[in-house]
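Trainee: Could you take one part of this model and go over it closely? I would like to see how that part sits among its surroundings.

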Amino acid sequence: MFKAKATFFCVGENVAKHPHLYKRIIDEGHSLGNHTQHHCNGWLTTTENYLQQVNECGKLVDSKIFRPPYGKITPLQAFSIKKNYQIVMWDVLSRDYDTQLLPEQCIDIVKKHASPGSIIVMHDSIKAMPRLQQLLPAILEFYTKQSIAFKTLPVH
């Protein structure tokens, strides 16, 4: 319907648990990024463990881009990861993970802050689903009417 494409930053353990969803993402023409093996917070994880988590995920997710969970990464972790990955952050956080927000509030956040070229973060998790189910179609419709396309990030 919208012909939108996205980049999915995948948590390795979820890829292992749901290989059919991983395959579907690829089959539908979306792109992939590394998001660590267990969605760990770089500020609360030793550099050695963090890099191990990135490497474990890299065995399952074929990509050269990386997004740190929570956006939290230390300078040493970033320095080491940049040897093999491009680190990709975002400029619009939908806050769909926030159980205190209504879907309409998440929609308003994106509409207020996104512009052409924005990287918008949404989550495909059970926690975010009550907001995402309304957020995603509303945002796709809103920006499609403005002739703004949704594209993947380059991964290699």
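Mentor: Start with a word we will need: two residues are in contact when heavy atoms of theirs lie within 4.5 Å. Keep in mind that this is a predicted model.

Let us look at helix H3. H3 covers residues 47-60, which makes 14 residues. From its first C-alpha to its last, the helix reaches 21 Å. That is close to the 20 Å expected at 1.5 Å a residue.

Now ask which residues of H3 are buried. They are Tyr50, Gln53, Val54 and Cys57. Look down the axis of H3: these buried residues fall within an arc of 95°, so they line one face of the helix. Turn to the face directed away from that buried side. There you find Glu48 and Lys59, both exposed.

What covers the buried residues? The cover of H3 includes three strands and two helices, and you can pick them out by number. The strands are E1 (7-10), E2 (31-34) and E3 (65-66). The helices are H1 (12-17) and H4 (75-81).

Next, the way into the helix. Threonine 46 belongs to the loop between E2 and H3. Is threonine 46 buried or exposed? Its relative accessible area is 53%, and exposed means over 50%, so threonine 46 counts as exposed. A polar atom of its side chain lies 3.1 Å from the backbone nitrogen of asparagine 49. Threonine 46 also has a partner to compare along the chain. Glutamine 77 is 31 residues apart from threonine 46 in sequence, yet their C-alpha atoms are separated by 8.9 Å.

Now the way out. Serine 63 sits in the loop between H3 and E3. With a relative accessibility of 4%, serine 63 counts as buried. Its side chain has two polar partners to look at. A polar atom of that side chain lies 2.6 Å from the backbone oxygen of leucine 32. The side chain of serine 63 also reaches the backbone nitrogen of isoleucine 65, at 3.1 Å. Set aside residues up to four places away in sequence. Serine 63 then touches Leu32, Gly33, Asn34, Tyr85 and Val155.

Keep following the chain past E3. Tyrosine 70 lies in the loop between E3 and H4. Its phi is positive, about 65°, although tyrosine 70 is not a glycine.

Back to Cys57, one of the buried residues of H3. Is that cysteine bonded to another? A disulfide is a covalent bond between the sulfur atoms of two cysteines. How many does a search of the whole structure find? Zero. Take cysteine 10. The closest cysteine sulfur to its own is that of cysteine 57, at 7.1 Å, which is too far for a bond. Cysteine 10 is buried, at 9% relative accessible area. Cysteine 40 is in no disulfide either. Its nearest cysteine sulfur is again that of cysteine 57, here 9.8 Å away. Cysteine 40 is buried too, with a relative accessible area of 10%.

Now compare the surroundings of H3 with another part of the model. In soluble globular proteins, nonpolar side chains tend to be buried together. The largest nonpolar core has 11 residues, including Val92, Leu101, Cys106, Ile107 and Leu132. Helix H5 (103-113) and helix H6 (129-145) each supply at least two residues of this core. Where does Tyr50 of H3 belong? Apart from the largest core lies another core, of eight residues, and Tyr50 is among them. Phe66, Ile73 and Ile81 are also in this second core.

Use H6 as a helix to set beside H3. H6 has 17 residues and reaches 24 Å from its first C-alpha to its last, close to the 24 Å expected at 1.5 Å a residue. Its buried residues are Arg131, Leu132, Leu135, Ile139, Leu140 and Tyr143. They pack against H5. Isoleucine 139 shows some detail. Leaving out neighbours within four places in sequence, isoleucine 139 is in contact with Ile107, Val110, Lys111, Met122 and Phe150. After H6 comes serine 147, whose phi is positive, near 60°. Serine 147 is exposed, with a relative accessible area of 68%.

To recap the part you asked about: H3 has its buried residues along one face, while Glu48 and Lys59 are exposed on the face turned away.

Notes: Residues are numbered from 1 along each chain as its sequence is written. This is a predicted model: local features need pLDDT of at least 70, side-chain atom pairs count only at pLDDT 80 or more; totals for chains, interfaces and linings use all residues. Side-chain values use heavy atoms; hydrogens and water are left out. Helices (H or I, at least four residues) and strands (E, at least two) are DSSP runs, numbered from the N terminus. The expected span of a helix is 1.5 Å times one less than its number of residues. Buried means under 20% relative accessible area, exposed over 50%, partly exposed in between (1.4 Å probe, protein chains only). The arc is that of the directions from the helix axis to the C-beta atoms. A disulfide is a pair of cysteine sulfur atoms within 2.5 Å. A polar contact is a pair of N or O atoms within 3.5 Å; within protein, one must be able to donate a hydrogen and the other to accept it, and residues adjacent in sequence count only if both atoms are side-chain atoms. A nonpolar core is a set of buried Ala, Val, Leu, Ile, Met, Phe, Trp, Tyr and Cys residues joined through side-chain atoms within 4.5 Å.
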